[in-house]
Amino acid sequence: MAQHDAPAKAAWNFAAGPARLPDAVLARAGAALFERGADGAAAIERPFTGAGFREVLADARQRLAALLGVPDHYRVLFLAGGAMHQFSMLPMNLLDPASGLRRVAYADSGYWSRRAMQEAARYAEVAVVARHAGALPLTAPPLDDWQVPPDCAYCHITANETVDGIAYPAWPNTGAVPLVADATSCFLSAPLDVSKFGLIYASAQKNIGPSGLTVVIVREDLLRRPALAAPSALCYRLQAAQDSCLNTPPTLAIHLAALVFDWISESGGLVAMASANRRKADLLYSAIDSSQGFYTAPVAHGHRSTTNVRFHLADERLTEVFLTDAAAAGLHHLRGHRQVGGLRASLYNAMPDAGVAALVDFMAEFARGHG
Ligand SMILES: *Cc1c(COP(=O)(O)O)cnc(C)c1O
């Protein structure tokens, strides 16, 4: 069910985000969202205060909670904005100086974790508790027990570094300090033990749906922190009390996300997603590793992202030719992030095997032509 036959002249979108959505969701979305119902309103036109939309919201929450097995003492919020909004909402909401929680802890695993800590530094002193080495092959920060100072309100990790192509092989132990994860680019790509985290957030445009929506899963006790004077719409406690509807939530994105959650459960749930993602990533990484150095992957085995596969041509002067020829072959948006260069193929849930097979075939042919 998860995989769909490629159309005859397939074009594949390997963008990091907004990313490809499942074909079945796109096919369903037209009727589900844009056709007027008995009340004269198409789904996306319904008032967010009305029963129609509230039902969609409750459904989306329930489906997501079922997929992830979210424990009862967590709340699921559907908030407007992106992951970057969370970079500042975290310190705004979770610092609690009166209880001695004056600092925030961050692990530096690459591009997005550094962006997150730069933003947090505007509100609090940042303790950097772990760093990745920077030398090749790249790895996530080493996982020996982290010494997180007890005056830290939380410890933040970027579960999957979308730009660097680095993923944690396991979760760190942060003791009594709640672990907070930016899971934007790996959310719903595999099962996740929510109980290990105080808070998990993910903006939608990588693996959940369209941009404009961010899912936040937060442990209830963290909602009791007094918090700085966070603006109301950016306050987890107020949004939780109002069921994410303190103001108009991104209704279109929530509708679409609900269709994606459905598609994931129909396709076998997160275990099926994980094995499909493993299979796709293995296919691409082994094409890189068996190219006799024509292509190289900078990230160490065991730390390689399954969703964002980063690689380089040994002869970097061929990168532009590769991109041009790949686009002509129907393989699009493979340019690496400007900070790291090279190439990147994002293989989120909606990328079928056929897309990866087409890429691997093209890479072999390109290597023969230029090797
Ligand atoms: C894309 C991405 C972001 C930025 O998300 P926005 O929704 O654009 O703010 C942050 N963190 C990670 C890990 C990402 O992949």
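This report walks through two helix packings, a ligand site and a few backbone oddities in a predicted model.

## Helix α1 against α6

Let's start with α1, which covers residues 23-34, and α6, which covers residues 251-266. Their axes come within 10 Å and cross at roughly 135 degrees, so the two helices are oblique to each other. As for handedness, α1 passes α6 in a right-handed crossing.

On the α1 side, the contact is made by A24, V25, R28, A29, A32, L33 and F34. Their partners in α6 are L252, H255, L256, L259, V260, D262, W263 and E266. Sorted by character, that contact has eleven nonpolar residues, one polar and three charged.

## Helix α2 against α6

Helix α6 also packs with α2 (residues 51-68), this time at an angle of about 40 degrees and with the axes 9 Å apart. That angle makes α2 oblique to α6, and the crossing is left-handed.

From α2, the residues involved are F53, V56, L57, A60, R63, L64 and L67. They meet T251, I254, H255, A258, L259, F261, D262, I264 and S265 in α6. The tally here is eleven nonpolar, three polar and two charged.

A few α6 residues turn up in both packings: H255, L259 and D262 meet α1 and also meet α2.

## Around the ligand

The ligand has 14 residues around it, and the closest are M84, T162, D182, S203 and K206. Two of these, M84 and K206, also show up in the polar contacts.

Backbone and side chain both take part. A polar backbone atom of A83 sits 3.0 Å from a ligand oxygen, and a polar backbone atom of M84 is 2.9 Å from an oxygen of the ligand. With K206 the side chain does the work: one of its N or O atoms is 2.6 Å from a ligand oxygen.

## Backbone oddities

Two cis peptide bonds are worth a look while you have the model open. One runs from G17 to P18, with omega near -10 degrees; P18 belongs to the loop between β1 (12-13) and α1. So this cis bond leads into a proline of the loop that joins β1 to α1, the helix packed on α6.

The other cis bond links L136 to P137, again with omega near -10 degrees. P137 lies in the loop between β4 (125-131) and β5 (152-158).

Finally, have a look at D243: this residue is not a glycine, yet its phi is positive, at about 55 degrees. You'll find D243 in the loop between α5 (236-241) and α6.

Key
Residues are numbered from 1 along each chain as its sequence is written. This is a predicted model: local features need pLDDT of at least 70, side-chain atom pairs count only at pLDDT 80 or more; totals for chains, interfaces and linings use all residues. Side-chain values use heavy atoms; hydrogens and water are left out. Axes are lines fitted to C-alpha atoms, for helices over the stretch in contact, and angles run from 0 to 180 degrees between N-to-C directions. Helices (H or I, at least four residues) and strands (E, at least two) are DSSP runs, numbered from the N terminus. Angles under 35 degrees count as roughly parallel, over 145 as roughly antiparallel, 65 to 115 as roughly perpendicular and the rest as oblique. A crossing is left-handed if the near helix is turned anticlockwise from the far one by less than a right angle, and right-handed if clockwise. Contact means heavy atoms within 4.5 Å. Ala, Val, Leu, Ile, Met, Phe, Trp, Tyr, Cys and Pro count as nonpolar, Asp, Glu, Lys and Arg as charged, and the others, Gly among them, as polar. A residue is near a molecule or strand if one of its heavy atoms lies within 4 Å of it. A polar contact is a pair of N or O atoms within 3.5 Å; within protein, one must be able to donate a hydrogen and the other to accept it, and residues adjacent in sequence count only if both atoms are side-chain atoms.
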